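User: Please take a close look at one part of this model, the pairing of its strands. Then link that to burial, aromatic contacts and surface.

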Amino acid sequence: MRKRKVVDLYRAPFPLYTIKVDAATGLVITAGGGGASKTGIQNAVHFLDLQLIGKNQYSTSLLHSHDTEKRATMNMAVGDGVIAAGQDGTCSLMKFKLCQQKEEKAAHKHGNTIELSNARRRPGKAGKDNLDKHAATGEILDTRDETAHITVTNLAEVLSDLNPRDPLQKVVRFSPDMNLLLTGGTDGYIRIWEFPSLKKKFDFKAHEEEIEDLDMSTESKQLVTVGRDFTCNVWSGNQLVTGLNWYETRPQIAEKSYRYMACRFGYSADEKDALRLYTVQIPHRRDKKHPPCYITKWDGKILLPMLTSPCGTEVISSLAVSDSGRFLGLGTVTGSVAIYIAFSLQNLYYVHESHGIVVTDLVFLPNFLKGQNIKGNNKTAMLSVAVDSRCQVHTVTKGRPIPVWLFFFGLMFVGVLLIFQYFFPVFF
């Protein structure tokens, strides 16, 4: 794996813990902060505008910063213009709206100078002569600019973790149909609310230790939860259906030497309507030998393991699945970032210690943002954030097509080789 250099896409004035992409508005939403400690580090949600530059480069700019006061957002779900943010032991719901605000600006005569806005002028006569005319007469020059304006409204809060010592929501999800809000925390409970009414539907003990991750199948029928108690469970409502056992694919590994860390559902890109579940297993204890971490691919309907593959000796901290189902993203506690092929679980892209500190969240860019192609000439593009306050973009570019002349030259070469083999077999 060759080392690559990744340029920072954005840098916040606080540690970043979570990032999401809202395809409807085209916004990249990232959040974090310094928490309740009096360090002077801000707690906020940042709304970013992402632009494709050329065929495979990206740039971003900050559109809006929403102050979350004394609480840092540690995890987040986004859907239908609503953010569900995990802040300490609560889930805070915020509604955001993007609108284009028309600004009128003017150029005024001040002595012998003229102040001109850098805004885009309305169609009409332009050029140096026209500007000189306005400057000579002292006439106000009206200009207009359409700038993005974001409003954020606090909707409600629900208690998502009741740990008496240090309550902390670890994960939050909206169901794929946006009818449910699901949370898991350090008290080991899964709490599910109807959305948007926020009427509590389920509240049950899912694991003996804290919840690490959860995800719901695309048909909103199966819930998978991951706990620090070595288990990965499948639920229907609040009823346990089964516990997963990845050791079936690696019988030589001793039980409880690994624990589940993350889970994600995704459709297979190679089989129509084939649902897959991906889980990551990390060593329970680290030693000098640095045992590998593993990815397991499961049949998403019958929940049997299909393939398990090692994914390096760095401890995995985050997992993402692309919308297409073709790619998996992995981040590590040492700041490395990798992209894997979902079908074969083979490594496609790797940057060693790209962040230099724990990667807290990953998200793949969808094919389109606001109806426009955002991937350009890339096979895939993934955003990563970390405690180092940086947001980076990781891309896998498409290979160049083989020129026609080279294709026909190759055919001719093979043809000549076959003729020689036929007439002069002694040389082969």
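Analyst: A residue is called buried when its relative accessible area is under 20%, and exposed when that value is over 50%; partly exposed covers the range in between. The model is predicted. With those cut-offs, start at strand β1, residues 8–11, which holds Y10. Y10 has 11% relative accessibility, so it counts as buried. Its C-alpha atom is 5.0 Å from that of C391, although 381 residues separate the two along the chain.

Next comes a hairpin. Strands β6 and β7 form it, with two residues between them. One turn residue, D80, has a positive phi of about 55°. The two strands run antiparallel, and five bridges join them. β6 spans residues 75–79 and β7 spans residues 82–87. Within this pairing, V78 stands opposite I83 of β7. β6 is mostly covered, with four of its five residues buried.

Now the sheets. One is open and has four strands, in the order β20-β21-β22-β23, with antiparallel pairing. At its edges are β20 (258–267) and β23, and each pairs on one side only. Neighbouring strands in this sheet are turned by 20° against each other on average, direction ignored. Inside it, β21 (residues 275–283) and β22 (residues 294–299) pair over six bridges in the antiparallel sense. Y278 faces K297 of β22 across that pairing.

Past β23 (305–310) comes a loop that leads to β24, and G312 is found there. At 36% relative accessibility, G312 falls between the cut-offs, so it counts as partly exposed. The C-alpha atoms of G312 and H290 are separated by 9.3 Å; along the chain they are 22 residues apart.

β24 belongs to another open sheet of four strands. The order here is β24-β25-β26-β27, again with antiparallel pairing. Which strands stand at the edges? They are β24 (316–321) and β27 (347–351). Each has a single partner strand, so one side of each is left without a neighbour in the sheet. The average turn between neighbouring strands of this sheet is 15°, direction ignored. β24 is joined to β25 (residues 327–332) by five bridges, and these two run antiparallel. Here A320 stands opposite G329 of β25. As a general point, side chains in a regular strand alternate between the two faces of the sheet.

Aromatic contacts add links of another kind. The structure holds seven aromatic pairs. One of them is F47 with F96: the ring centres are 5.7 Å apart and the planes stand at 50°, so the pair is tilted. This pair links distant parts of the chain, since F47 sits in β4 (residues 43–53) and F96 in β8 (residues 90–107), 49 residues apart. Both F47 and F96 are buried. Elsewhere, W246, Y247, Y258 and Y294 form one aromatic cluster.

Finish on the surface. F413, V414, L417 and L418 make a nonpolar patch of about 390 Å². L418 lies in helix α2, residues 404–423. Is L418 buried or exposed? Its relative accessibility is 52%, so L418 counts as exposed. Y10, by contrast, counts as buried at 11%.

Conventions
Residues numbered from 1 in each chain as written. Predicted model: local features only at pLDDT ≥ 70, side-chain atom pairs only at ≥ 80, totals over all residues. Heavy atoms only, no water. Patch = residues over 30% accessible without salt bridge, like charges linked within 9 Å, V, L, I, M, F, W, Y side chains within 5 Å. Areas by Shrake-Rupley, 256 points an atom, 1.4 Å probe, with all protein chains shown as cover. Salt bridge = Lys/Arg side-chain N within 4 Å of Asp/Glu carboxyl O. Buried < 20%, exposed > 50% of the residue type's maximum accessible area, 1.4 Å probe, protein only. Pairing = 2+ DSSP bridges. Axes fitted to C-alpha atoms, helices over the stretch in contact; angles between N-to-C directions. Phe/Tyr/Trp six-rings, centres within 6.5 Å; stacked < 30°, edge-to-face > 60°.
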